[in-house]
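Open the model in your viewer and keep the selection box ready. We will walk through it stop by stop, and at each one you will hear what to pick and what is there.

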Amino acid sequence: MSEAGVSEQERAEADMLRVSNLEKRFGGIVAVDGASFEIERGTITGLIGPNGAGKSTVFNLITGVYNPDAGRVIFEGEDVTGLRPYQLVDRGLVRTFQISRELSGMTVLENMLLAFDDQLGESLWRTVVPGVRRSIVEQERALLERVWETLELFEIDHLAHEDAANLSGGQRKLLELSRALLTDPEMLLLDEPMAGVNPTLEKKLLERIHELRSQGYTFLLVEHDMDVIMNNCETVIVMHQGRVLSRGSPEEIQADERVIEAYLGGEI
Ligand SMILES: Nc1ncnc2c1ncn2[C@@H]1O[C@H](COP(=O)(O)OP(=O)(O)OP(=O)(O)O)[C@@H](O)[C@H]1O
Ligand SMILES: [Mg+2]
């Protein structure tokens, strides 16, 4: 079928996520001021912009951390505006945070178990907490295996019994991404996943993201490192002052005068 023959519905189905006219105010500050964009399924898209552009707030609006003052969030063709974060996780939309939220005082393994819902999480806990003996049913055994496989995939399995507080910044980012993957996501929103990550770990993290993308996962990535964005994303969305300033391929974005101006005029 020709390009012109693609129906509006088919186009909508190709989009994993669509946000339209999102707005969020904090008192007198307009953090997001009518942002609209779509993310194609199975892609790695970069969301960039100067400090304070509204990137993290957009993440918070998409993932139900905040309710928008206006606008809609459409995920896999369904309106999910106003759903709570756990409801979105159930639908396959997960995010990681700019500041990692690992719980100190818990091991890496215990942090991973937090990815599962309450009831299952609780029974899994009993299987790993020392001194609590209990027969492991098949389902739990399979899930624990998945936990270990994921830790191995990110090469942090040797840290399983380490207190999460003792991990380096980069190892925490790997833990956060590992945990997000355990929730069976379709789409992952990563807020500055490379911040504080050493070059070796960064390479590893990017390799994992590409592997997962080739398996069909969709990524939206906020990142200040322009090399990371330009070398790994097929589409880049630029935010400035709460709005989408530009959207295009890395080459198009790098040549866009408005983008260059936004960065020069900002604090970067
Ligand atoms: N909870 C909040 N209360 C008040 N103001 C907020 C809140 N969250 C964000 N803001 C403000 O909204 C604007 C957008 O912030 P946001 O954190 O979304 O930007 P960002 O693009 O993620 O920036 P950075 O690159 O520095 O992480 C900023 O002016 C910020 O100070
Ligand atoms: Mg931010």
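Helices (H or I, at least four residues) and strands (E, at least two) are DSSP runs, numbered from the N terminus. The expected span of a helix is 1.5 Å times one less than its number of residues.

Before you click, two notes. Residues are numbered from 1 along each chain as its sequence is written, and chains are lettered from A and ligands numbered from 1 in the order in which they are written. This is a predicted model: local features need pLDDT of at least 70, side-chain atom pairs count only at pLDDT 80 or more, and totals for chains, interfaces and linings use all residues.

**Stop 1: two helices**

Select residues 199-214, which form helix α8. This helix has 16 residues and reaches 23 Å from its first C-alpha to its last, close to the 22 Å expected. After α8, look for Gly216, whose phi is positive, near 110°.

Now select residues 169-181, helix α7, with 13 residues and a reach of 19 Å against an expected 18 Å. A residue is buried if 20 or more other C-beta atoms lie within 10 Å of its own, exposed if 12 or fewer, and partly exposed in between, with C-beta atoms placed from the backbone. In α7, 11 of the 13 residues are buried, so the helix is largely enclosed by the rest of the structure. Among them are Gly170, Arg172, Leu174 and Leu181.

**Stop 2: a covered strand**

Next, pick residues 44-48, strand β3, where 5 of 5 residues are buried. Which residues of β3 point one way, and which the other way? Ile44, Gly46 and Ile48 take one side, while Thr45 and Leu47 take the other.

Two strands pair if DSSP finds at least two bridges between them. Add residues 218-222, strand β8, which pairs with β3 in the parallel sense over 4 bridges; Gly46 stands opposite Leu221 there. Then add β9, residues 235-240, also parallel to β3 and joined to it by 4 bridges. In β9, Ile237 is the bridge partner of Leu47.

**Stop 3: the nonpolar core**

A nonpolar core is a set of buried Ala, Val, Leu, Ile, Met, Phe, Trp, Tyr and Cys residues joined through C-beta atoms within 7 Å. Highlight Leu221 and Val238: of the 41 residues in the largest core, they touch the most other members. Apart from it lies another core, of 22 residues, including Leu109 and Met194.

**Stop 4: the open sheet**

Move to an open sheet of 4 strands, in the order β2-β1-β4-β5, with antiparallel pairing. Its edge strands are β2 and β5, each pairing on one side only. Inside the sheet, 5 bridges join β1 (residues 15-26) to β4 (residues 70-75), and Arg18 stands opposite Ile74 in β4.

**Stop 5: ligand 1**

Finally, center on ligand 1 and show the residues near it (C-beta atom, placed from the backbone, within 6 Å). Those around ligand 1 include Phe26, Asn51, Lys55, Thr57 and Gln98. Which helix gives the most to this shell? It is α2, with 3 residues. Both β2 (29-40) and α2 (55-62) supply at least two residues each.

Color the shell by class: Ala, Val, Leu, Ile, Met, Phe, Trp, Tyr, Cys and Pro count as nonpolar, Asp, Glu, Lys and Arg as charged, and the others, Gly among them, as polar. The shell around ligand 1 then shows 4 nonpolar, 7 polar and 1 charged residues.
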